[in-house]
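User: Hey, I've got this model open and I'm a bit lost. Can you walk me through it?
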Amino acid sequence: MIVSVIGVGYLGAVHAAAMAELGHDVIGLDVDSGRVAAMQAGRAPFHEPGFEEILRRGLAAGRLRFTTDYAEIAHADVHFLGLGTPQRADGFGADLRSLEAAVASLAAVLPARGGGPTLVVGKSTVPAGTARRLRAQLTAVPGADLMWNPEFLREGFAVQDTLAPDRLVYGVAEPETPAADAQVAMLDAVYARLIAGEVPRLVMGFETAELVKVSANAFLATKISFINAIAELCEATGGDVTDVARAIGMDDRIGGKFLRAGIGFGGGCLPKDIRAFIASAEDLGVGEALGFLREVDAVNQRRRVRVVEIARELLGDLAGQRITVLGAAFKPDSDDVRDSPALEVVSRLMSAGAHVTVTDPEALDNAAKRVPGLVGEPHTEQALAGAELVLLLTEWREYRGLDPVRVRNLVAAPRMIDGRNVLDPGAWRDEGWEIRSLGRGAGPANGTSVVDGPVARPDLPIPA
Ligand code: UDX
C-alpha cells in the first residue's frame, strides 16, 4: 500500500520507518525542511535505539522518502497524522493547530486523486471530540474518511512498541456500519503483519478511542505520583518506599511496574497529557471527575523541589558549591529533555548560585539549548572530578553501575543524592558516602546518615 505520514516528529518518524519495515511505500511529510533533509539522508534527528537502522533500511530499499510538499502525498491510500499536540501557551489545554492545519492542507490536495477511497488515520494524542471535528474538515472530499488509531509508544522502545504493540485501538465515527467495516478492513491491511502476529485489535467509537489514550497516560502518571506521595510519607516516618513498592507490587491487582519512586515523571507526553485531560474535562463540565489529576501534577512537581531541599540539607547555602548532576534526559535511553525533571533540578541549583556540571550520554546538546549557561561535560569521570555533591537524576545504565570506591576518589566530598533510587545505599555508605534517596527515610530506621534529621512526626508510626 502507499502510505503517508504527516508530521515526522518522534511519533511520526518512527511510524513512517516502521510502516516501510512492514513493506509499504511510505512518504513522510513535515513542514520542517531541515528535519526532512536529515531523514532523507538517513540521519535520525533524535536518539532512539533501532530507529536509524530501520530508517536507513527503508531508504535503501526505496520504500521510504520524505518531502515538505503535500502534492507529493496526494496519491497515498492511507495518511497517518503524527503531529504534535503540545500544551497551549495560555493554559492547560492541548494546542491542536498543527493537526487542524495538516488536515486542511491534505483536504486541499486529495481531490487530485480522483475520488478513490482514502483513509486519514489520526495517531496524535488529542482530547475527546477532536476526531469528529477533524472529520468534518474532510466532508467535502469525495472518498475520504477518518479513523483514530492512538499510539502508545514509549521513547527508548519506540520501534518495538510500533512493530509489536500490546494492542491496536481503532476509533471510527459510527461503529458497526458498512462504512466503518470498510475502513477497519483498510487499516487491517496496513497492519496485516501485526494482526497475523495476534496483536489484539479493538474497534470502538471516536470518543472512546481518544479517551483510551489519555486515560492510559493519566493512569500511568497517577501510579507514579501515588508512589511518590508514599515517598513523602516514608521521608516523614523513616519508611523505605522501595520496599513499599516491592511489597504492594506483588499483589497482581496492583502490579509492580511504574512504581519507581524518585524525582517523578517528565517528557513530552505524561505532563502535558494530564493537563490537557484536566482542561478537556473542565470544558465538558465534568472537571471534578479529574480534579485528582491536579494533585498528581502537584506531587510530581514537589519531588523536583524536594531534591533541591535535600541538597541544602547536605551543603547548607548552595552558592558557590560544586555540584555534579548525572543525567539530563527525562529518562534513560533518550536524548529528550522536554519537561525533564533532571533539568528542572539543574536550573533550580543554578539559580541558587551553585556551580553545576551536568553529564549525560546523549542529551547534553538538547540540554544546553534549553538551559542557558549550562555547563556540560560528556565524560562521566571528568564531570565528577572535584564535586562537593553528586546528584543522580536520570538512571542511565552507566550511572546505575558506578563503583562507590572509584567515584569517591574523584570527588571532593563523598555526598550523593540518588534521585531515582537505583543505588544500593548500604554499599555506598560502607564506602564512606553520605547518601540520601527520595522516600527512603532520612530517618534512623534506615540507618541513613542524617544532616538535618527528619522532623519528628509523633502522629505517624516509625517502622521498627
Ligand atoms: C509515555 C507512555 O508510557 C507511553 O505509553 C505514551 O505513548 C507516551 O508517554 P514516555 O514519555 O516515553 O511514554 O515515557 P515513560 O517510560 O512512560 O516515562 C515517563 C516518565 O515517568 C519518565 O520521566 C520516567 O523517568 C518516569 N517514571 C516512569 C517514573 O518516575 N517512575 C516509574 O516507575 C516509571
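Analyst: Sure, let's begin with an open sheet of six strands, in the order β11-β10-β9-β12-β13-β14 with parallel pairing. Strands here are DSSP runs of E with at least two residues, helices are H or I runs of at least four, and both are numbered from the N terminus. Two strands pair if DSSP finds at least two bridges between them.

User: Which strands stand at the edges?
Analyst: β11 (375-376) and β14 (434-437) do, and each has a single partner strand, so one side of each is left without a neighbour in the sheet.

User: How many bridges join β13 and β14?
Analyst: Four, in the parallel sense, with β13 covering residues 415-418. Asp418 stands opposite Ser437 in β14.

User: Which helix packs on the sheet?
Analyst: α13 (residues 341-351), touching β9 (322-326), β10 (355-359) and β12 (389-392). Contact means heavy atoms within 4.5 Å. The direction of α13 makes about 160° with that of β10. For that, axes are lines fitted to C-alpha atoms, for helices over the stretch in contact, and angles run from 0 to 180 degrees between N-to-C directions.

User: Wait, is this from an experiment or a prediction?
Analyst: This is a predicted model, so local features need pLDDT of at least 70 and side-chain atom pairs count only at pLDDT 80 or more, while totals for chains, interfaces and linings use all residues. Residues are numbered from 1 along each chain as its sequence is written, and side-chain values use heavy atoms, with hydrogens and water left out.

User: New topic: what volume does the second largest pocket have?
Analyst: About 250 Å³. On a 1 Å grid over the protein atoms alone, a pocket is an open set of points with protein on both sides within 12 Å along at least five of seven lines, a cavity is a set where a 1.4 Å probe fits but cannot get out, and lining residues have an atom within 4 Å of a point. Points are joined across faces, edges and corners, and a volume is the space filled by probe spheres set on them.

User: Which residues lie nearest the centre of that second largest pocket?
Analyst: Pro127, Arg133, Ala279, Ser280 and Asp283, out of 17 lining residues. The largest share of this lining, four residues, comes from α11.

User: And how many cavities of 30 Å³ or more are there?
Analyst: Two. The largest has a volume of about 40 Å³, and its lining includes Pro127, Lys272 and Asp273. Leu110 and Val141 are among the residues lining the second largest cavity.
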